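Here's a quick tour of a protein model, with a few spots picked out for a closer look. Keep the structure open while you read.

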Amino acid sequence: MSDLTRKTAVELSELMTSGETSSVEITQAHLDRISATDTAVHAFLHVDTEGALAQAAAVDARRAKGEELGPLAGVPLALKDVLTQDGVPTTAGSRILEGWKPPYDSTVVKRLKAAGIVILGKTNMDEFAMGSSTENSAYGPTHNPWDLARIPGGSGGGSSAAISAYQAPLAIGTDTGGSIRQPAAFTGTVGVKPTYGGTSRYGLIALASSLDTPGPCARTTLDAALLHEVIAGHDPMDSTSIDQPIPPIVEAARRGDVNGLRVGVVKELGGEGYQPGVEARFHEAVELLTKLGAEVVEVSCPHFQYALPAYYLILPSEASSNLAKFDAMRFGLRVGDDGENDAEQVMRLTREAGFGDEVKRRIMLGTHALSSGYYDAYYGQAQKVRTLIARDFTNAFEQVDVLVSPATPTTAFAIGDRVNDPIAMYKNDLCTIPSNLAGNAAASFPVGLADEDGLPVGFHVMAPVMRDDLLYQVGAALESALADQWGGVLMSKAPELEVTR
């Protein structure tokens, strides 16, 4: 493996600034790494070799002219295949969009390009972000680099697997119910869900519009903060975008001081159903925060126990509406258009062939929940529960600065283990869903390996709306303290992948 692929984004930036290497060399090293390992990992759906090298060469040319560049200029990145990129295949992991090339960039992609970040390609995901394991991709599952027989989490397993496999130092994911944080926990990486509205949804293929949030994935807290700063900020193209200054996230990641910070351990997120090794690493991390000067107390959020059922009424309802546009008339797959079938039959045949089982399941659930006579009993009640969960957060944040819990109840499970048990699959998101329903900021940081299986454990931090800086403050403090124990970041303990020559 090239030494360049082992570097953090900050280290790569320093090497380019000093003239020791170039963006083209760094990009080529990561493209070579993808070529050598992605047969086993399957993190990418599309690798844009030509486009990535052209972007890298452009950054090198600007640097040679003495132009002032951002801190991540020339650093490669993997992009979740749910964000549009002009002229690059974008499928959202679905057959119904196979071969579609958007004619425009999403706001996130525009900001990445403006910052000089090199986009390597598009990463695998559960179809339309519906899933917790990346097994629902129409193009096959992604494998966890820590153990190729296990899932990398979902729906953004491709992005987290790419950075865990050293195929990219940075990645972009989207988080609707935990799709950044849960894969981060399973792959020993950092994953951040910004405050809802803190990053733009323009150009994001919608799953649930009141929940979807783009965010950064990285191997270190500072790398994630620098990427977060690039993509954050108000966007007039997104009606839900928050018109406020970006919180001081990079400063918080550099400082990493939790002395005097009030930390609340959520009583409801632990105990029965949680893997002992996960709870052990979680409690050790809490003790470490105490030693670093944080004030730790237990906090009750009584309505968190209803987050899962509420979410699985709200999300399918919004999804059934959002996915109605995939009708074979406008773009993407078209089946049965042979002159014999009318438009309705073509639409039915296309959606039958183009959507996978999980997408069909959620469309049916959502359509039923929104139907006449059931709307108030299901969707309306779920929205009331959502309000109660938001009030739990409000009450908790009057007592503490941040809330913490395990990021997931277990470590990564075997591929195929839960694919036929939707309820067991949905329970992966028990800890992450409340923050999506309330819209506050949350993140997962690696805190060690479970004793039972030697797999990564994530530490979940939740902060108030537009206090994303507090996430990085806690994450950086833990990372620094644990690095002294581990001799580096957790990823340094990952097994080496076999490469294809």
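**Cysteines, helices and how they pack**

Let's start with a cysteine: Cys-217 is buried, with just 2% relative accessible area. Keep in mind that this is a predicted model.

**Cysteines**
- Searching the whole structure turns up zero disulfides.
- Cys-217 is in no disulfide, and the nearest cysteine sulfur, that of Cys-431, sits 18 Å away.
- Why is Cys-301 not bonded to Cys-431? The sulfur of Cys-301 is 12 Å from the one in Cys-431, its closest cysteine sulfur, and that's too far for a bond.
- Cys-301 also counts as buried, at 0% relative accessibility.

**Helix α4**
- Helix α4 covers residues 49-64, so 16 residues, and reaches 23 Å from first C-alpha to last, close to the expected 22 Å.
- Its buried residues are Gly-51, Ala-52, Gln-55, Ala-56, Val-59 and Asp-60.
- Among the elements covering those buried residues of α4 are α3 (23-41) and β3 (118-123).
- After α4 comes Gly-66, which has a positive phi, near 85°.

**Where α11 meets α13**
- The axes of α11 (residues 307-322) and α13 (residues 357-370) come within 7 Å and cross at roughly 100°.
- That angle makes α11 roughly perpendicular to α13, because angles from 65 to 115 degrees count that way.
- On the α11 side, the contact includes Tyr-312, Leu-313 and Pro-316, while α13 brings residues including Arg-362, Ile-363 and Leu-370.
- Sorted by class, this contact has eight nonpolar, four polar and one charged residues.

Technical notes:
Residues are numbered from 1 along each chain as its sequence is written. This is a predicted model: local features need pLDDT of at least 70, side-chain atom pairs count only at pLDDT 80 or more; totals for chains, interfaces and linings use all residues. Side-chain values use heavy atoms; hydrogens and water are left out. Helices (H or I, at least four residues) and strands (E, at least two) are DSSP runs, numbered from the N terminus. The expected span of a helix is 1.5 Å times one less than its number of residues. Buried means under 20% relative accessible area, exposed over 50%, partly exposed in between (1.4 Å probe, protein chains only). Contact means heavy atoms within 4.5 Å. Axes are lines fitted to C-alpha atoms, for helices over the stretch in contact, and angles run from 0 to 180 degrees between N-to-C directions. Angles under 35 degrees count as roughly parallel, over 145 as roughly antiparallel, 65 to 115 as roughly perpendicular and the rest as oblique. Ala, Val, Leu, Ile, Met, Phe, Trp, Tyr, Cys and Pro count as nonpolar, Asp, Glu, Lys and Arg as charged, and the others, Gly among them, as polar. A disulfide is a pair of cysteine sulfur atoms within 2.5 Å.
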